[in-house]
Amino acid sequence: MNQPLAYVHPGAKIAKNVVIEPFTTIHNNVVIGDGTWIGSNVTIMEGARIGKNCNIFPGAVISAVPQDLKFGGEDSLAIIGDNCTIRECVTINRGTSASGQTVIGDNCLVMAYAHIAHDCVVGNNAIIVNGVALAGHVIVGNYAVIGGLAAVHQFIHIGDHAMISGGSLVRKDVPPFTKAAKEPLSYVGINSIGLRRRGFTTEKIREIQDIYRILYQKNYNTTQAIGIIEAEMEATPERDEILDFIRNSSRGVMKGYSGNY
């Protein structure tokens, strides 16, 4: 399965049924799982851990050292889960001493020319569209979708099932289940279409909408809104996930859209 024009370091651990196309280079201390396809001209550097049944397209560079001036050459990893598709010229850097690893979950699609920096954590089933740039330490939730050419500031947290419009500048945390657009980035509704596709009931979607109406559309500050949501809304996993996200936000969450620039 290994083309004669590819280079695979003897220290790499490659499953027997991995396909490696010509002109690809795989360094030492790399592990690649069953059924994965590695296209031509891919570079997989030390510390890469790639799961089963992934497809990595030409020009991708996986587990290069971080673009962080504080990086001191420490051992670290870039971990990619099972069933992921990494398209052309994607760059995924390995971690630093801060966490030791950059992690991409299962069933993710990372489209062409996207960059995922050191110490990022991307959840399962996420979609990162063409040209997206994630700075260091970004957390992307399960089923999140980040539109093309969006730029995400370091230490940002994007919640589960959130959807961010293309070309966005993401400077604040994006709570779960929401849609984010405009400039500055703002709440423009909940991701109801995505939630329906993933099996959320009409009643559950309405509950989430009611929570965000209190948070974003009733002219309360965040502390007031949290108090009202806790007092008036039944405790559910979704309600508690939203409240925990907002309370734990280190950069603050995005605001509601006012139309004022």
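D34 sits in the loop that joins β5 (31-32) to β6 (37-38). The model in which it is seen is a predicted one. With a relative accessible area of 37%, D34 is partly exposed, because that class runs between the 20% limit for buried and the 50% limit for exposed residues. Setting aside neighbours within four places in sequence, D34 is in contact with A15, N17, K52 and N53. Its C-alpha atom is 41 Å from that of L185, a residue 151 places away along the chain.

D34 falls within a stretch that carries a record. UniProt, in an unreviewed entry, places the feature "domain: Mannose-1-phosphate guanyltransferase C-terminal" at residues 6-95. Over residues 6-95 the chain is 0% helix and 36% strand, and the C-alpha atoms at the two ends are 26 Å apart.

Residue C89 has an unusual backbone angle. C89 is not a glycine, yet its phi is positive, at about 65 degrees. Most residues other than glycine have a negative phi. The loop between β12 (85-86) and β13 (91-93) holds C89, and its relative accessible area of 27% makes this residue partly exposed.

H137 also has a positive phi without being a glycine, in this case near 70 degrees. H137 lies in the loop between β19 (133-134) and β20 (139-140). Its relative accessible area is 19%, so H137 counts as buried, the limit being under 20%.

H137 leads on to the largest pocket, as one of the residues that line it. The lining also includes V138 and I139, along with F155, I156 and H157. Among the other lining residues are S99, D119, D173, N248, S249 and S250. By class, the lining is made up of 4 nonpolar, 6 polar and 2 charged residues. The space in this pocket is about 150 Å³.

The second annotated stretch covers residues 173-254, where an unreviewed UniProt entry gives "domain: UDP N-acetylglucosamine O-acyltransferase C-terminal". Here the chain is 52% helix and 11% strand, and the end C-alpha atoms are 6 Å apart.

Within that stretch, the peptide bond from E183 to P184 is cis, with omega near 0 degrees. Most peptide bonds are trans. P184 belongs to the loop between β26 (178-181) and β27. The loop that follows β27 and precedes α1 (192-197) contains N191. N191 counts as buried because its relative accessibility is 5%. Residues up to four places away in sequence left out, N191 touches H161, M163, F177, T178, K179 and R198.

What remains is the nonpolar interior. The largest nonpolar core has 70 residues. Those with the most contacts inside this core are I44, I62, L134, V140, I158, V174 and Y212. Two or more core residues come from each of β8 (48-50), β27 (186-190), α2 (202-216), α3 (222-232) and α4 (237-247). Of these, α2 gives the most, with 7 residues.

V174 can serve as an example from this core. Apart from neighbours within four places in sequence, V174 is in contact with H157, I158, G159, A162 and I164, and also with A180, L185, F245 and M254. Among these contacts, I158 is itself one of the residues with the most contacts inside the core, while H157 appears in the lining of the largest pocket.

Conventions
Residues are numbered from 1 along each chain as its sequence is written. This is a predicted model: local features need pLDDT of at least 70, side-chain atom pairs count only at pLDDT 80 or more; totals for chains, interfaces and linings use all residues. Side-chain values use heavy atoms; hydrogens and water are left out. A nonpolar core is a set of buried Ala, Val, Leu, Ile, Met, Phe, Trp, Tyr and Cys residues joined through side-chain atoms within 4.5 Å. Buried means under 20% relative accessible area, exposed over 50%, partly exposed in between (1.4 Å probe, protein chains only). Helices (H or I, at least four residues) and strands (E, at least two) are DSSP runs, numbered from the N terminus. Contact means heavy atoms within 4.5 Å. UniProt positions are given in the numbering used here, feature names are shortened, and annotations may be inferred rather than shown by experiment. On a 1 Å grid over the protein atoms alone, a cavity is a set of points where a 1.4 Å probe fits but cannot get out, and a pocket is an open set with protein on both sides within 12 Å along at least five of seven lines; lining residues have an atom within 4 Å of a point. Grid points are joined across faces, edges and corners, and a volume is the space filled by probe spheres set on the points. Ala, Val, Leu, Ile, Met, Phe, Trp, Tyr, Cys and Pro count as nonpolar, Asp, Glu, Lys and Arg as charged, and the others, Gly among them, as polar.
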